[in-house]
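I opened my notebook today to look through a protein model, one topic at a time. Here is what I looked up, in the order I went.

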Amino acid sequence: MRSLRRLPDLSDNYTWLLADDAVGTALVVDPGEARPVLEALAADDLVLTAILLTHHHSDHIGGTFELADQFPEAVVYAPDDDRISCAARRVSDGDVVAIPSPAARFRVIEVHGHTRSHIAYYGEGLLFCGDTLFSLGCGRLFEGEPADMLASLDRLAALPGDTRVCCGHEYTLANAAFARTVEPDNDVLAARTDAAHALRARNIP
């Protein structure tokens, strides 16, 4: 049986772990640090088989070297960017990442804007979008133009409506606060903001 786990790390990052609990294998996406991943793997006696990276920022790849040392058979997938030196396999738009165990297939989607080489992984009803799409917001433009980010968001918006979005940070309350300054009279936004506060009070993403 497959399970998806959210592993908070650093100040507000999320590393995502997808496990096949029946066979004892797991993959992780954007490990900012190794400790939360190692603790989760040890707690459920899981073997790490793959690491998926969306972009080069240290808070998304910082734990990769230690995890690769602990699990040398784990394959590291990353965009074609020489700032990510730990990659074993480079992937680009349209490529398919097929993980034997936990059995999963993801299509690679280029989503430039936050960085010039940012990618997302879509499959199994999940979207691992790194720092491109967040609840009530999008990523900061470090290396792209607004048109790049808009094109990337349009690509993600075209995915099926029941897709589970697994973003790289918990930015909802900050995004809501900004959105309220732009649309202070938006009642739907106000309700969404209140709901977000209630969820975060219970440590729910």
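The entries below go through the sheets, then the helices on them, then the empty spaces.

**Entry 1: what I am looking at**

I noted at the start that this is a predicted model. I count along the chain from 1, in the order in which the sequence is written.

**Entry 2: the six-stranded sheet**

I began with the strands from β1 to β6. Six strands make up an open sheet here, and I read their order as β1-β2-β3-β4-β5-β6, with mixed pairing. Why is one side of β1 and of β6 left without a neighbour in the sheet? β1 (2-9) and β6 (89-91) stand at the edges, and each has a single partner strand, so there is no neighbour on one side of each. I also looked up the twist: on average, neighbouring strands of this sheet are turned by 25° against each other, direction ignored.

Next I went to single pairs of strands. β3 and β4 run parallel and are paired over five bridges. Within this pair I found L27 opposite A50 in β4. Further along, strand β5 (residues 75-79) is joined to β6 by three bridges, and these two are parallel as well. Here Y77 is the residue that stands opposite R89 in β6.

I then asked myself how many of the six residues of β4 are buried. Five of them are, so I wrote β4 down as mostly covered.

**Entry 3: a helix across this sheet**

Which strands does helix α1 lie across? I found α1 (residues 35-43) lying across β1, β2, β3 (25-29) and β4 (47-52). Its direction makes about 145° with β1.

**Entry 4: the five-stranded sheet**

There is another open sheet to draw, made of five strands in the order β7-β8-β9-β10-β13, again with mixed pairing. Its edge strands are β7 and β13, and each of them pairs on one side only. Neighbouring strands in this sheet are turned by 25° against each other on average, direction ignored.

I followed β7 (residues 96-99) residue by residue, and its side chains alternate. V97 and I99 point to one face and are buried, whereas V96 and A98 point to the other face and are not.

β7 forms a hairpin with β8, and I counted four residues between the two strands. Four bridges join β7 to β8 (residues 104-110), and the two run antiparallel. For A98, the bridge partner in β8 is R105.

Do β9 and β10 run parallel or antiparallel? Strand β9 (residues 119-123) and β10 are antiparallel, with three bridges between them. One of the partners I could name is L126 in β10, which is bridged to G123. Helix α4 (residues 146-157) packs on this sheet and touches β8 and β10. I noted about 150° between the direction of α4 and that of β8.

**Entry 5: the pockets**

Now I turned from the strands to the spaces. Rolling a probe the size of a water molecule over the atoms shows where empty space is left.

The largest pocket holds about 250 Å³ of space. Its lining has 18 residues, and those closest to the centre are S135, C167, E170, T172 and P205. Three elements give two or more residues to this lining: β2 (13-20), β13 (164-167) and α6 (187-201). I sorted the lining into 11 nonpolar, three polar and four charged residues.

The second largest pocket has a volume of about 210 Å³. Of its 13 lining residues, H114, D131, F134, R140 and Y171 are the closest to the centre. This lining divides into five nonpolar, five polar and three charged residues.

**Entry 6: the cavity**

How many cavities of 30 Å³ or more does the structure hold? I found one, and the volume of the largest cavity is about 30 Å³. Among the residues lining this cavity are Y14, W16, V29, D30 and T54. F128, C129 and G130 are also part of the lining, as are C166, C167 and G168.

β2, β10 (126-130) and β13 each give two or more residues to the lining of the cavity. The largest share, three residues, comes from β10. By type, I wrote down seven nonpolar, three polar and one charged.

I closed the page by marking C167, which lines the cavity and is also one of the residues closest to the centre of the largest pocket.

Conventions
Predicted model: local features only at pLDDT ≥ 70, side-chain atom pairs only at ≥ 80, totals over all residues. Heavy atoms only, no water. 1 Å grid on protein atoms, 1.4 Å probe; cavity = no way out; pocket = protein on both sides within 12 Å on 5 of 7 lines; lining within 4 Å. Points joined across faces, edges and corners; volume = space filled by probe spheres on them. Nonpolar A, V, L, I, M, F, W, Y, C, P; charged D, E, K, R; others polar. Pairing = 2+ DSSP bridges. Axes fitted to C-alpha atoms, helices over the stretch in contact; angles between N-to-C directions. Contact = heavy atoms within 4.5 Å. Buried < 20%, exposed > 50% of the residue type's maximum accessible area, 1.4 Å probe, protein only.
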